[in-house]
Amino acid sequence: MVLCQGGEAAAVPAASGKEPEVPLSREDGAGQPCLCPAPGMEAAGAEERRVCGCCSGLSWPRCCKAPGTKKKAACPGLGLFYTVLSAFLFSVASLFLKKIEDVHSVEVSAFRCVFQMAFVLPGLIYYKTGFLGPKGKRIFLFFRGFLGSSAMILLYYAFQVMPLADATVITFSSPVFTSLLAWIFLKEKYSIWDLLFTLFAITGVVLIARPPFLFGSNVTGIEGSYTDHLKGTIAAITSTVSAALTFVILRKVGKSVHYFLSIWYYAVIGLIGCVIALFVMNEWRLPYCGKDRVLLILIGLLGLGGQIFLTKALQIEKAGPVAIMKTMDVVFAFILQILFLNHLPTWWTVGGALCVVASSCGTAIRKWRQSLKKAKQNEI
């Protein structure tokens with residue numbers, strides 16, 4: 001059964017143990033067949049427990065397609081509000097990460113994975129998805145977890161050693177790299193516009209990194225040493241590519257795996273990797289300062305809250321507008337960096353931010369228009 005609002009496909013057995021027959025003439029607005037039973041169609045001798053596939057999981061006959069019931073009107077702009085709120089929570093979590101003094105970024109990532117596991121575990125039990133997933137998809141789930149957790153660790157390291165706004169801007173080139181990698185591995189179409197957006201993103205990253213062979217040895221406006229800035233830039237770029245590879249894997253898997261399983265692999269593999277890395281580097285230790293302990297908890301809660309609101313936004317709003325509105329991450333990063341870190345961005349950073357944001361917005365708008373065009377063609 002397809003849970004339309006969840007964005008994922010999950011099998012929900014009917015009370016009789018068989019999937020109900022789907023009337024071909026009844027379809028919802030998204031082109032998915034409505035799985036509510038027709039009026040008068042009930043399981044003989046059994047209590048009706050079917051779940052509606054065209055609303056928020058209400059059991060029939062209380063769903064939106066049942067006779068005499070009205071579908072609740074969606075609040076206009078609610079999905080975009082959730083996106084802005086998600087961007088704000090992620091930005092505040094990044095600010096707290098900059099404020100932590102004696103905790104390694106890998107240890108922060110480990111705490112984040114623990115919060116993810118605590119959130120996902122009840123969902124796995126409720127939806128009865130299991131903990132390993134389908135046999136044919138486990139290798140993809142493993143690489144999704146490995147690459148996703150690696151992207152998180154590298155990003156947290158970049159936040160600690162370079163300006164907050166610089167690291168945030170570099171991560172926004174992820175949609176551009178996703179298009180390039182999808183063309184390479186999934187044979188998706190890659191047009192001249194995609195190439196142009198890729199060049200814009202690379203230009204923005206170069207303006208932020210400011211390598212000495214292009215800008216000379218006296219680079220101004222760098223937080224700390226240039227060596228740390230360069231390491232942070234490399235970590236942020238690697239994090240971006242890893243995140244793009246994660247998106248490609250998720251496209252490959254499609255809706256055959258519940259999204260809770262995807263997050264579960266991400267959290268478990270990330271936690272195992274973080275623990276091993278901490279013992280190898282001999283960096284595992286509880287924060288000495290009570291403030292750092294509080295910040296660690298807040299980072300986990302804010303990161304989890306940001307992910308929840310982003311997921312809810314994608315459930316009720318199209319991906320294109322959400323991707324465009326998510327550029328508020330950059331705005332919040334600049335504001336928080338100026339207000340709380342007393343670090344004014346240089347014009348090089350502003351120029352790089354404009355290039356990266358323009359490329360990611362262009363990619364999102366183009367994908368959005370393509371999806372709308374395809375939807376109209378399917379209606380015809």
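**Figure 1. Leu124, a buried residue in helix H2.** Let us start with Leu124, which is buried, with a relative accessible area of 2%. In this predicted model, Leu124 belongs to helix H2, which covers residues 105–127. Which residues touch Leu124, once its neighbours within four places in sequence are left aside? The contacts are Thr129, Gly130, Phe131, Phe260, Leu261 and Trp264. Pick out Phe260 from that list: Leu124 and Phe260 are 136 residues apart along the chain, yet their C-alpha atoms are separated by 6.5 Å.

**Figure 2. Phe260, seen from its own helix.** Now we move to the partner, Phe260, which sits in helix H9 (residues 259–281). Is Phe260 buried or exposed? Its relative accessibility is 9%, so Phe260 counts as buried, because the word "buried" is used for values under 20%. Not counting residues up to four places away in sequence, Phe260 touches Phe119, Val120, Gly123, Leu124 and Tyr127. Take Tyr127 as an example: from C-alpha to C-alpha, Phe260 and Tyr127 are 9.0 Å apart in space, although their positions lie 133 residues apart in sequence.

**Figure 3. Two nonpolar cores.** How many residues does the largest nonpolar core have? This core has 38 residues, and those with the most contacts inside it are Ile100, Val108, Tyr156, Phe159, Val169 and Val330. Apart from it lies another core, of 14 residues, and Phe260 from the previous view is among them, as are Tyr259, Leu261 and Tyr265. Back in the largest core, have a look at Tyr156: leaving aside neighbours within four places in sequence, Tyr156 is in contact with Leu97, Ser105, Val108, Ser109, Arg112 and Ile299.

**Figure 4. Ser94, a buried serine in helix H1.** Ser94 is found in helix H1, made of residues 78–99. With 10% relative accessibility, Ser94 counts as buried. Beyond its neighbours within four places in sequence, Ser94 is in contact with Phe159 and Leu164. You have met Phe159 already, as one of the residues with the most contacts inside the largest nonpolar core.

**Figure 5. Two residues of helix H6, Thr198 and Phe200.** Helix H6 spans residues 192–209 and holds Phe200; Thr198 is in helix H6 too. Which is buried and which is partly exposed? Thr198, at 7% relative accessibility, counts as buried, whereas Phe200 is partly exposed, with a relative accessible area of 38%. Leaving aside neighbours within four places in sequence, Thr198 is in contact with Val176 and Tyr190. The C-alpha atoms of Thr198 and Ser174 are 9.9 Å apart in space, and the two residues are 24 residues apart in sequence. Phe200 helps to make a nonpolar surface patch of about 670 Å², together with Ile192, Trp193, Leu195, Leu196, Leu199 and Ile202.

**Figure 6. The salt bridge between Asp329 and Lys326.** Side chains of opposite charge can pair when their charged atoms come close. How many salt bridges does a search of the whole structure find? The search finds one. Here Asp329 forms a salt bridge with Lys326, and the closest N and O atoms are 2.8 Å apart. Asp329 counts as buried at 7% relative accessibility, while Lys326 is partly exposed, with a relative accessible area of 23%.

**Figure 7. Asn342, in a loop between two helices.** Where is Asn342? Asn342 has its place in the loop between helix H12 (328–340) and helix H13 (347–379). Its phi angle is near 55 degrees, a positive value in a residue other than glycine. Asn342 is exposed, with a relative accessible area of 68%.

**Figure 8. The whole chain, and where to read with care.** Stepping back, the chain has 13 helices and two strands. Of its 380 residues, 44% are buried. The chain exposes about 20100 Å², with carbon and sulfur atoms supplying 67% of it. Among contacts with a separation of 6 or more, 77% come from residues 24 or more positions apart. The mean pLDDT of the chain is 75, and 75% of its residues reach 70 or more. Over residues 1–62, however, pLDDT stays under 50, and the model has 97 contacts beyond four places in sequence for this stretch. Where pLDDT is low, the predicted coordinates should not be read in detail.

Key. Residues are numbered from 1 along each chain as its sequence is written. This is a predicted model: local features need pLDDT of at least 70, side-chain atom pairs count only at pLDDT 80 or more; totals for chains, interfaces and linings use all residues. Side-chain values use heavy atoms; hydrogens and water are left out. Helices (H or I, at least four residues) and strands (E, at least two) are DSSP runs, numbered from the N terminus. Buried means under 20% relative accessible area, exposed over 50%, partly exposed in between (1.4 Å probe, protein chains only). Contact means heavy atoms within 4.5 Å. A nonpolar core is a set of buried Ala, Val, Leu, Ile, Met, Phe, Trp, Tyr and Cys residues joined through side-chain atoms within 4.5 Å. pLDDT is the predictor's confidence in each residue, from 0 to 100. Patches are made of residues with over 30% relative accessible area and no salt bridge: like charges are joined within 9 Å, nonpolar side chains (Val, Leu, Ile, Met, Phe, Trp, Tyr) within 5 Å. Accessible areas come from the Shrake-Rupley method with a 1.4 Å probe; for residues, only the protein chains shown count as cover. A salt bridge is a side-chain nitrogen of Lys or Arg within 4 Å of a carboxyl oxygen of Asp or Glu.
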